[in-house]
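Please open the model in the viewer and keep the sequence panel visible beside it. The tour proceeds by selection, from a sheet to individual side chains and then to the whole chain.

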Amino acid sequence: MRLLFLAFYLVCLSGCSDQKTEPQTSVLQLHQDTRFTVSLAPADAPVEEILHWTVELSDGWQIKQAEVTGLSMTMGTIPLLFKTVEGKARVYQAEMVLGACSQPRMKWQLQLQLLHATEGEKLLLLPFYSSWPK
């Protein structure tokens, strides 16, 4: 009987253990073609947390200007400063934080202005949604 009670007690204790698993960060692919790839992580863009932008460009393209603008409400403009990823040619990253609003789901837009020596300028308007942290 004691052995049965001890086994039950150990099973209950193991069920109550604090096992924290790191959540996998999902990536939102906002644009992808043969010239450009633009992604955002985490994909649900939680407000008041660091968001990571990644832009991959084909040869000859460069980032002229990048900014995020609120579309659901007047939230102003957030400029982004992309930097080259060390050891990865033509891969650029930027970080930003979105402010919290009264609505749990807000619509935003990345405005990415690109420049090529022979092809000229290209403007990408890429909408995405933010969320309240979980």
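Begin by selecting the open sheet of four strands, which has the order β5-β4-β8-β9 with antiparallel pairing. The model is a predicted one. At the edges of this sheet lie β5 (77-79) and β9, each of which pairs on one side only. From one strand to the next, the twist averages 20°.

Next, display the backbone of β4 together with strand β8 (residues 106-116). These two strands pair in the antiparallel sense over nine bridges. In general, the strands of a sheet pair through backbone hydrogen bonds, either parallel or antiparallel. Within this pairing, select W61: its bridge partner in β8 is H116.

Now turn to the aromatic side chains. How many aromatic pairs does the count come to? With ring centres required to lie within 6.5 Å, the count comes to two aromatic pairs.

For one of them, keep W61 selected and add F36. The ring centres of F36 and W61 are 4.8 Å apart and the planes stand at 85°, so this pair is edge-to-face; the cut-off for that class is over 60 degrees. The pair links distant parts of the chain, since F36 belongs to strand β2 (residues 36-41) and W61 to strand β4 (residues 61-70), 25 residues apart. Are these side chains buried or exposed? F36 is buried, because its relative accessible area is 0%, and W61 also counts as buried, at 5% relative accessibility.

Then select W53 and F128. Their ring centres lie 5.3 Å apart with the planes at 75°, so this pair, too, is edge-to-face. Here again distant parts of the chain are linked: W53 is in strand β3 (residues 50-57) and F128 in strand β9 (residues 120-130), 75 residues apart. Both W53 and F128 are buried.

Move on to Y129 and add R105 to the selection. R105 lies over the face of Y129, at 3.8 Å from the ring centre.

Finally, show the whole chain. The secondary structure comes to one helix and nine strands, and from the N terminus the elements run α-β-β-β-β-β-β-β-β-β. Of the 134 residues, 32% count as buried. Among contacts with a separation of 6 or more, 54% are accounted for by residues 24 or more positions apart. With a surface display switched on, the accessible surface comes to about 9200 Å², and 54% of this area belongs to carbon and sulfur atoms.

Notes
Residues are numbered from 1 along each chain as its sequence is written. This is a predicted model: local features need pLDDT of at least 70, side-chain atom pairs count only at pLDDT 80 or more; totals for chains, interfaces and linings use all residues. Side-chain values use heavy atoms; hydrogens and water are left out. Rings of Phe, Tyr and Trp (its six-membered ring) pair if their centres lie within 6.5 Å; planes under 30 degrees apart count as stacked, over 60 as edge-to-face and the rest as tilted. Buried means under 20% relative accessible area, exposed over 50%, partly exposed in between (1.4 Å probe, protein chains only). A charge sits over a ring if NZ of Lys or CZ of Arg is within 6 Å of the ring centre and within 35 degrees of the ring normal. Contact means heavy atoms within 4.5 Å. Accessible areas come from the Shrake-Rupley method with a 1.4 Å probe; for residues, only the protein chains shown count as cover. Two strands pair if DSSP finds at least two bridges between them. Axes are lines fitted to C-alpha atoms, for helices over the stretch in contact, and angles run from 0 to 180 degrees between N-to-C directions.
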